[in-house]
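Colleague: I am new to this model. Please pick one part, look at it closely, and show me how the rest connects to it.

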Amino acid sequence: MTIAGIYPTGSKDPISLLATTLASCSNDFRREDRQETTKRNASKEQDMRIVVALGGNAMSGPDGASRPQDQQVAIELAAGHIAELVAAGHDVVVTHGNGPQVGNILLKNELSAHLLAPVPLDWCGAQTQGTLGFTLVNALERGLAAHGDHRDVVALVTRTLVDPDDPAMSTPTKAIGPYASAERAARGTADGQAWRDEGERGWRRIVGSPEPQDILEGAAIAALVSSGFLVIAAGGGGIPCAPDSRGGYRGIEAVIDKDLSATLLARAIDADTLIIATDVEHAVLGWGTDDERPIGRVTTGDMRRYLDAGHFGVGSMLPKMEAVTRFVESGGRRAVVTSLANIAAAVDRDVGTVILPT
Ligand SMILES: Nc1ncnc2c1ncn2[C@@H]1O[C@H](COP(=O)(O)OP(=O)(O)O)[C@@H](O)[C@H]1O
Ligand SMILES: NC(=O)OP(=O)(O)O
């Protein structure tokens, strides 16, 4: 049987023809598929795996008061730039600080201690992962939707392994909560708290900040990224945890530096770029002197010399510079410290302080 117009002249029986046609379609499909894959791979060579770390102070608004609307405006700005990176084809994991936010929760705790049992500092840190994670998920979804991207955004409660006997536990460096007067700091000190004079802006409470050793949810984060999720993880550096006596983990009352945790996070997902967004455009040499000079593009070797010379504020710029230097020294291709507004540009343009391999 032949059906005119459908089978070419000289064709064999319909079954053989169907098989030939299917084989040819399948070859066409495979060819197109191969071309598409080749195209995708070619562009993937420029696509990167990026960790973006958002500073807790940078997310607090211009006067550091951490009003919810100020935090939302700052987060919306950062989310727009992060969405640009995702739309450009990069895999991005977002982490965030929590210094102002965790200190505010701790202060509220103290002020209401006569009404409610205070909760420990690690619980306060876990609460900031919830609030900031929730706000970031909403802002990132909106940012992605503007690019027609409707992928899932997830915020993961993340624990970070620390040594409970880390000497940093008993020598506080991490500033948390609002700036306060010298009188308020003196009252806190009399109650056994540690406070630090931060110059013109006032005093801040400081707490122990142990070295992060491992992101306990690292494998889960890597799996989520590989499955196409936009992940927010290790907020506030992760909830500090140490092994307990029952084969699990217990919380430790401290606040981890999120910049140092960001380096571990970057390793866990095999990132090639680390961007730390804060409230200044560059790190500077001679900080706080009349001779401040912005640091532009430098090698890890240069940065190690600047670190040794003590150019960076303890508990603020010092951990950022240590984090980016460690990241590039351990195989990262590029690390940048800059403002929230420069996040998207930081991937391949000379903005902020850029650290490259020596
Ligand atoms: N060498 C330096 N260059 C620039 N800023 C510095 C330097 N040393 C300390 N800082 C301080 O570091 C701050 C940023 O760090 P931090 O307050 O921890 O920000 P975030 O919470 O946004 O990560 C700047 O606002 C500045 O006051
Ligand atoms: N946890 C932490 O490093 O917070 P900041 O970014 O606010 O300092």
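**From the ligand shells to the central strand**

Modeller: Seven nonpolar, nine polar and one charged residues make up the shell around ligand 1. Here Ala, Val, Leu, Ile, Met, Phe, Trp, Tyr, Cys and Pro count as nonpolar, Asp, Glu, Lys and Arg as charged, and the others, Gly among them, as polar. That shell has 17 residues, of which Gly55, Asn57, Trp287, Gly313 and Met317 come nearest. A residue is near a molecule when its C-beta atom, placed from the backbone, lies within 6 Å of it.

A word on the source. This is a predicted model: local features need pLDDT of at least 70, side-chain atom pairs count only at pLDDT 80 or more, and totals for chains, interfaces and linings use all residues. Residues are numbered from 1 along each chain as its sequence is written, while chains are lettered from A and ligands numbered from 1 in the order in which they are written.

Ligand 2 has its own shell. One nonpolar, eight polar and two charged residues form it. Gly55 and Asn57 appear in this shell as well. Gly97, Asn98 and Gly99 are among its other members, as are Asp257 and Lys258.

Now to the part I chose, strand S2. It covers residues 91-96, and six of its six residues are buried, so the rest of the structure largely encloses it. Buried means 20 or more other C-beta atoms within 10 Å of the residue's own; exposed means 12 or fewer, and partly exposed is in between. Helices (H or I, at least four residues) and strands (E, at least two) are DSSP runs, numbered from the N terminus. In a regular strand the side chains alternate between the two faces of the sheet. Both faces of S2 are covered. Asp91, Val93 and Thr95 are buried on one side, and Val92, Val94 and His96 on the other.

S2 has strands on both sides. S1, residues 49-54, pairs with S2 in the parallel sense over six bridges. Strands pair if DSSP finds at least two bridges between them. One bridge joins Leu54 to His96. S9, residues 230-232, also runs parallel to S2, over two bridges. There Val94 has Ile232 as its bridge partner.

Step back to the sheet. Eight strands form it, open, in the order S3-S9-S2-S1-S12-S16-S17-S15, with mixed pairing. The edges are S3 and S15 (297-299), each pairing on one side only. From one strand to the next, the twist averages 20 degrees; axes are lines fitted to C-alpha atoms, for helices over the stretch in contact, and angles run from 0 to 180 degrees between N-to-C directions.

Take the S15 edge. S15 runs parallel to S17 (residues 353-356), joined by three bridges. Arg297 has Val354 as its partner in S17. Helix H9 (residues 317-329) packs on the sheet and touches S12, S16 and S17, with its direction at about 170 degrees to that of S12. Contact means C-beta atoms, placed from the backbone, within 7 Å.

Take the S3 edge. Val154 sits in S3, residues 153-155. With 15 other C-beta atoms within 10 Å, Val154 is partly exposed. Leaving aside neighbours within four places in sequence, Val154 contacts Leu224, Phe229 and Val231. Leu224 is 70 residues away along the chain, yet the two C-alpha atoms are separated by 8.9 Å.

Back to S2, through the core. Val52 and Leu265 touch the most other members of the largest nonpolar core, which has 66 residues. Such a core is a set of buried Ala, Val, Leu, Ile, Met, Phe, Trp, Tyr and Cys residues joined through C-beta atoms within 7 Å. H2 gives the largest share, seven residues. Leu265 touches Val93 and Thr95 of S2, and also Val51, Ile215, Ala233 and Ala234, not counting residues up to four places away in sequence. A separate core of 21 residues includes Val162, Ile206, Ile252 and Ala254.

Last, the whole chain. It has nine helices and 17 strands. Of its 358 residues, 41% count as buried. Among contacts between residues at least 6 apart in sequence, 73% join residues at least 24 apart.

Methods:
Two residues are in contact if their C-beta atoms, placed from the backbone, lie within 7 Å.
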